[in-house]
Every structure is written in C-alpha cells, then in structure tokens.
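User: Could you take a close look at one part of this model for me? I would like to see how a charged residue is placed among its surroundings, with a few other spots for context.

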Amino acid sequence: MKDTQKVNILMVDDQPAKLLSYEAILANLDANLIKARSGREGLELLLKHDVAVVLLDVSMPEINGFEMADMMRQHPRFQKTAILFISAVRMSDLDRIRGYQSGAVDYISVPVVPEVLKAKVSVFVELHRKSRELEHLNRELESRVDQRTRELQESENLLRERADLLELASEAILVRDLDGVLTYWNAGAEALYGWERSEVLGHAVHERLDTRFPVDEASSESTVVALGRWEGNLVQKAKDGREVIVASRQVFKKEVASILEINRDITAQRQAEEALRQTERLAAMGRVAGIIAHEINNPLEAITNAFYLLRNHPSLDDEARYYAQLGESELARVGHITKQTLGFYRESQHPVNVPVAEILDDVLELQGRQLVMNKIKLDKAYFTAGEIRGFPVELRQVFLNLIGNAIQAMPDGGHLRIRMRTRWNEATGKPDLRISICDTGAGIRPEHAKHLFEPFFTTKSTKGTGLGLWISKGIIQKYDGNIHFRSIPWKGRNLTSFCVVLPGASPALKGLEHAHHAVGDETARASVERA
Amino acid sequence: MRIMRLATRQRELLLNEHKTLILCVDDEELPLTLRKLVLEKQGYTVETVRSATEAMRTLSDHPVDLVLTDQVMPGGTGTELAQSIKKRWPELPVILISGVNTIPPDAMYADMFISKVEGPAAMCAKISAVLAARRCSSL
C-alpha cells in the first residue's frame, strides 16, 4: 500500500543534465521520479503510470512543452493532471501558461531555484495525494452504497417472494391488531370468505365473519395473547351468508401487537364426515328395522290374534269385551307403526303405471274430515295426470305423510296448495314429475331444517314417530327422485313448500290442464296467493 | 237362465267354504295355534305342521284347499315350500305370511303375500279372496 501510495513525478526535458539536476532537487520528496527525454517519450510514460505531476520543459525539439500539454488535455485521463512548466520568462510564454485556466497548472522560470521547484512540486504532490485519498474514500463509499443497495434489493426480493407465497396459499391468511381490526387479508381469505381486501381492511374481523368460538370470544383472544398461540375450529359466515367451518391457527406477535391467523376451510370435510355418520346411522337404522320387523311382528301377530279371539268370545260380558277391544285397538296401532315405518312394504312385486293424480285425490279424500275440522282451504291444480311406473302403496305413503304434515302444521286454519306438473329435465332428457305441497302453517325453524329427513327426528313431540319424512325420502330416492323443501315467512305466517320430484313422468296430458277442483270442503275454493 | 245357474253355484261355493281345509305352516307353536284358532272361528278346517318338510308330507298324504305358510322357517322358507308345491300341484293356492315387511325376491311362486301385522280380519279377507279367485278360474 505504501509503495503504491508513493506518487509518480514525470520529468520531461530534452537535456539529460537538467533532468539530473531536477532529480537531485526532488530526491527527498519520497516520490518516484520518472524521466523522459522528449514529449513523445513523456506521453508514452504517462500512459503507463499514474502521474501526480508533470515537470515539463517548454522548449523542446519535435513536440514542445505546450504541444505536449495540449495533447494531455485532450486525453480524458490527463485533463486534471498537474503540469509544472519550466520556461524562460517570456511574455508570450506566460500568457500562454495563464491560458490553461482549468486544471492545475503552474510554471517555474529559468534558472530554476531548487527551493521553489521543490515547494511547487510538493504542493502538487500533496494535492494529488489528497485527491487520490478522496477518490479512494469515494470509491469505498460508493461500493458500500452499492453493497447496501444490493442487500436491500435482495431482502426486498425475498419479501416480495414471501408476499407472493402468501397470495398463493389456499388458506385464508390474515393479520389483525389486538382490537381485531384487520391489516392484512390474502387472496385465500378473499376466496374463502368472499370479502374483498378493500371491504375488510380496517374492519373488525369477527364482526365481518360473525365468528362463533368454541369457547367464548374473550377467553379465546386472551389465550392467544397469554400463550402466544391458539389453535381450534371456528364457525364463521362468508359474505353470501354461507356457513364455513375453519381450522384456525393464531399466533400473537408481541413486537408489533398483532395476531397472525391462518384459517383452513374444513367445511366440506366436516360435511363429508357428517354424511358418513348419517349413512352409518341409516345403515344401523336399517339393521334395527329388520330385527324389529321380525322379532316384534311375529309375537305381535300372535297377540293380535289372541285378542281377536278373546274379543269375539261368547262368554265375555260387555265390560270384559270393552277391555279386549281397547287392547286390540292399541295393538292395531303398534301394527300400523311397524308396517308403515319398518321396511318398505310393497304390495305388488312389479311396478305398475300409477296415476299420481289419483293417489293425491285418495289421500285428500282420506284427510277430508281433517281439512274441514282444521278449517283449511284447499287449492289444487294438476297440469298432468302424472302417470309414472311405481308402487301405489308406497307413493300413497309419501303423500299421506306430506299432506298429513301440512294439515297438522295448520291446526287453526290456513291454505293448502297442491300443484302437479311436468318439467323437462335437461340432464336426463326426459320430463320430471313435480308435485308441490304448500302450507301456511307453523313453518320449519332453520335449526330443524338440517335434521328434517333424519330418522327419529320429530317436532311433534309424542305424536310423531320421527320417521315419516325419513321414510318418504327413502321411497322417493328409490325412484331416483328427490324431496326438497322451503320455508319462508309470509304475511306474518310461514309458507312451507315440499316439492317431490320424480323422474320419468309421461308427458303432460292435454285437457287435464287447469283441472281445478276442491276436495273435502265445498267452500274450499279460495286459492292460495302465490308467494 | 245362465245367471240363475251362476248364482246357485256361488251359493254352493259359499256353503262349501265352511268345509275348506287349510294347511297352516309355521315353526313357532304359539302363533301357529292362534292362527289356527282364528281360521277355525272363520269356519275353516285347519291342519297345522311345523316345517316345510312336514307340509310336503301332509300334502302327499291327502289334498287340502289352501296352504298358509310362514316365510322365515328353519329347514326351508315359505317361498321354497311354495315352489315345491307348485311343481307338483300347480293349482293349489299358497299364501305367504311373514313378519318381515319386505317381500322376498322369489315370492312369485306364491299366490299372495300377507304381512303378519295386517291383523286377523285382513288375513281372513285375503284368504277368502284367493279361494274365490281359484274357484272362479276352475269354473
């Protein structure tokens, strides 16, 4: 370092004696002295060395001092190189020297006074050394700035990469402060909850998502803060009101007073599990049904027969006969339940053409008395005879159930509307038969809706077996059909509609359209307004 | 004239019904006895056996007018019995009576399927209907 810091002084003179004397004068300046015998040689040496100052004799043959200085100034590297002209004091020379305003230029007149030469050279040497130091510092600074910039760039790239990863995640990733106010919301959260970033940032998360905690909100939140992390399942609501179940992991970041949260949608998984449980329950139900059918029905028949014989026995007095009758009628009830509910009893072995219109009319006739007693106004319209291949007994059971439920839901009167029509099914390329049974009764509470078709689910407490809709659904599913329902508030009451869809209906029959007629109550002509 | 003759014939059949012999098959003794008693009250003559094998033996021994058999029995189901009977006596009516509500797949060999929970009145009505149909077709 020291050696390289030693500056170079280039001395250009055509007279070797002068060069020797300059060398002697400048010997103790601690500089490399480079000698050139002509302007040309001087220029060559300039290119090889980093020269601090050029000692330049003005009067030289070939290229004189001024010509060499001009050439130097044209070269970008040497524009600032200090030049010390050695010249006889001639006015023309001095004027010319003053012309080199830019750059460090000075002159020494002949005869050269050693102290002056030494002083002037050392000023230039010092100047060069300082500027070189400055340059070095500058370079170092620049490289440090470069380094820092590079580091910043790298960490920025890394951050951007991480941010991209967060956006790629299918999980909902969110950050909120201790008041629950959201500060980050990734694309996964947008997809899961349907809320866009702009709609949620700055809002309280649990308000937006209507979060239901497994424990209460306050204790769950304090757990995150106290233990630093929390894991569990939450039930939340998406923007469209859909309920989502998420497995949530939350971490508390003390230094930024934020909670980082990752929520994975497990709704579908939960539903699949629920469906599986349901299927298992149904299978168990089926096994139980089989056992009951066999083990109960056999003794049941014997007891029924015994009561039948007892009731008709001539030795019985009226009181004893009355008791026997009571026993017999209660047994009939048990028999009815096992027959209607445990196993789908088919009367015929092969499906026959069943006009559903006839079945509906049969059922309505059967329920006629109940319709009158409950002051229910009936409005029915069949736009087709609704003929399908099937088993009349079980179809009758379905409609007896649905219509019976509708009537029971309206103990204080109401409207019962029945519609049957065919509708083309794009998927099967055949018409579907659609029968809707609509009442203005008690309605179905949302929390009951999910369980409506489950076995042993009843809202009629002791009156119902809780099997009616389960069996009806089972029957309709055998026809590859479906039952669905809707219950909505209407004029201070509830409008509940069950719709049975049976595939493979014969096309609508002309002439049957708008076959409006009432059954049961003769005054039951008022029609239910359309919801 | 013809109508008159038919009416007379029908009366004869009604009278005959009281002498109708029914073979009852069931592995369980008590239900079998009670079923027999109910049928006897109805005016039928009833013989009881406890298995399909016994039923076939009885039938080989002497004719009956109708067979009423339980479906689920050890050593041969009611439908199997119906099949064997129809092979040898295709005209003999066979009625299945079962505690299981589901009709077995091979029930077509029998003339009718009755669920036990339908009760004695329905059972008697169905028996009488099958007998009437048999007589009409043999007229």
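Analyst: Here is a walk through one acidic residue, followed by a helix pair and one further residue.

Happy to help, and please keep in mind that this is a predicted model. Let us start with A:Asp57, which sits in strand E3 of chain A, a strand covering residues 51-57. This aspartate is buried and yet forms no salt bridge. Its nearest side chain of opposite charge belongs to A:Lys18, 4.9 Å away, whereas a salt bridge calls for a side-chain nitrogen of Lys or Arg within 4 Å of a carboxyl oxygen. What does A:Asp57 touch, leaving aside its neighbours within four places in sequence? The contacts are A:Val12, A:Asp13, A:Asp14, A:Gly65 and A:Ile86.

Over in chain B, helix H3 (residues 52-61) packs against helix H4 (residues 78-88) at an angle of about 20°, and their axes are 10 Å apart. Angles under 35 degrees count as roughly parallel, so H3(B) and H4(B) are roughly parallel to each other. Their crossing is right-handed. On the H3(B) side, the residues that meet the partner helix are B:Ala52, B:Ala55, B:Met56, B:Leu59 and B:Ser60; H4(B) contributes B:Leu81, B:Ser84, B:Ile85 and B:Arg88.

Back in chain A, A:Arg281 belongs to helix H11, which spans residues 267-311. With a relative accessible area of 42%, A:Arg281 is partly exposed. A:Glu454 is 173 residues away from A:Arg281 along the chain, yet the C-alpha atoms of the two are separated by 9.2 Å.

How values were computed
Residues are numbered from 1 along each chain as its sequence is written. Chains are lettered from A and ligands numbered from 1 in the order in which they are written. This is a predicted model: local features need pLDDT of at least 70, side-chain atom pairs count only at pLDDT 80 or more; totals for chains, interfaces and linings use all residues. Side-chain values use heavy atoms; hydrogens and water are left out. Helices (H or I, at least four residues) and strands (E, at least two) are DSSP runs, numbered from the N terminus. Buried means under 20% relative accessible area, exposed over 50%, partly exposed in between (1.4 Å probe, protein chains only). Lys and Arg count as positive and Asp and Glu as negative; His and the chain ends are not counted. Contact means heavy atoms within 4.5 Å. Axes are lines fitted to C-alpha atoms, for helices over the stretch in contact, and angles run from 0 to 180 degrees between N-to-C directions. Angles under 35 degrees count as roughly parallel, over 145 as roughly antiparallel, 65 to 115 as roughly perpendicular and the rest as oblique. A crossing is left-handed if the near helix is turned anticlockwise from the far one by less than a right angle, and right-handed if clockwise.
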